[in-house]
Amino acid sequence: MNIELIEEEGELFLYVPSNKRFAEIKELLSKIKNDTINVVKVDRLSLDQMKLIWSLCNDYGELRGYTREEMREALENEFCNSKEIEYFSISPFKRDCCSMKVATDFIQFIIEHAIKHDYNLIVYEGKGDNRVAKRLQDISPDIRRYVIQCLLHKRCAVCGKLVEVDLHHWDSVASIGGYKHDDGLQTRFLPLCREHHTEFHNIGKDRFSNKWHIEGVMLSKNLVKKLKEVYPNHFQAFKEGKNDI
Ligand SMILES: [Zn+2]
Ligand SMILES: [Zn+2]
């Protein structure tokens, strides 16, 4: 549990967990000499990260028929195995909780896991009238990785729809001399369903990205190679082996 030292109007207050006895605390304090205090900054996940992990596990669990605890355990096992790290607590009040960085990676992992398995997660924040639905692009710690996962799984990056998803050129193809010059490496890409594709061409790049908080991403050669299998008619100018280092 966290101990907090706070200054209020020139006086110092030490807030300690209520499970410690006063006598215990006083004894500890009596040992402290001003010049021997070691200040230790602890890197632990934030409360917001913990809440987000629980919301994701809750929604994902509901879709798959598990409780949020079961879902968290299964996902965390998979995550820890893939990273070869120890199982951790997601409560910042526990001694074995994870760092902020690990929590960020875990959140991204859950989002990509859901996309890979074709589940459309929506996370709710706030209560009552203030309750708002958040889409994955709004909560992804790494938006580029989110878009790439959508590209690989033919998923609309705006609404999560999985049918009739097109590979949309975020930057105009005319600017590179047309489709026959498209090797996948000159423009940014975004996967969109028919509805959002049409909307993009109606309202334009700027309004679209302001409305949906998303943009296309540049691809690497490796990704183009993978995406050629997903979108066989695309990247007409991409030749495997060409320009290889
Ligand atoms: Zn869509
Ligand atoms: Zn398009």
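**Contacts between the domains.** I began with the contact between the two domains of this predicted model, and I found 14 residues of domain 1 in contact with 15 residues of domain 2. To place these parts on the chain, I noted that domain 1 covers 1-29 + 39-141, while domain 2 covers 143-230. I then looked up how far apart the C-alpha centres of domain 1 and domain 2 lie, and the value is 32 Å.

**Buried area.** Next I turned to the area that domain 1 and domain 2 bury between them, which comes to about 1,300 Å², with 49% of it on carbon and sulfur atoms. On the side of domain 1, I noted that Glu112, Ile115 and Gln137 lose the most area to domain 2, and that together they make up 45% of what that side buries.

**Polar links.** I asked which residue forms a salt bridge with Glu112. The partner is Arg145, and the closest N and O atoms of the pair are 2.8 Å apart. Across the interface of domain 1 and domain 2, I recorded one salt bridge, and I also recorded seven residue pairs in polar contact between the domains, counting pairs with both residues at pLDDT 80 or more.

**The side of domain 1.** I then checked which elements give two or more residues to the side of domain 1 that touches domain 2, and these are helix 4 (100-116) and helix 5 (136-139). Helix 4 supplies the largest share of that side, namely five residues. Sorting the side of domain 1 that touches domain 2 by class, I wrote down five nonpolar, four polar and five charged residues.

Key: Residues are numbered from 1 along each chain as its sequence is written. Chains are lettered from A and ligands numbered from 1 in the order in which they are written. This is a predicted model: local features need pLDDT of at least 70, side-chain atom pairs count only at pLDDT 80 or more; totals for chains, interfaces and linings use all residues. Side-chain values use heavy atoms; hydrogens and water are left out. Domain bounds come from an automatic or database domain assignment. Contact means heavy atoms within 4.5 Å. Buried area is the accessible area (1.4 Å probe) that two parts lose on being put together, summed over both. A salt bridge is a side-chain nitrogen of Lys or Arg within 4 Å of a carboxyl oxygen of Asp or Glu. A polar contact is a pair of N or O atoms within 3.5 Å; within protein, one must be able to donate a hydrogen and the other to accept it, and residues adjacent in sequence count only if both atoms are side-chain atoms. Helices (H or I, at least four residues) and strands (E, at least two) are DSSP runs, numbered from the N terminus. Ala, Val, Leu, Ile, Met, Phe, Trp, Tyr, Cys and Pro count as nonpolar, Asp, Glu, Lys and Arg as charged, and the others, Gly among them, as polar.
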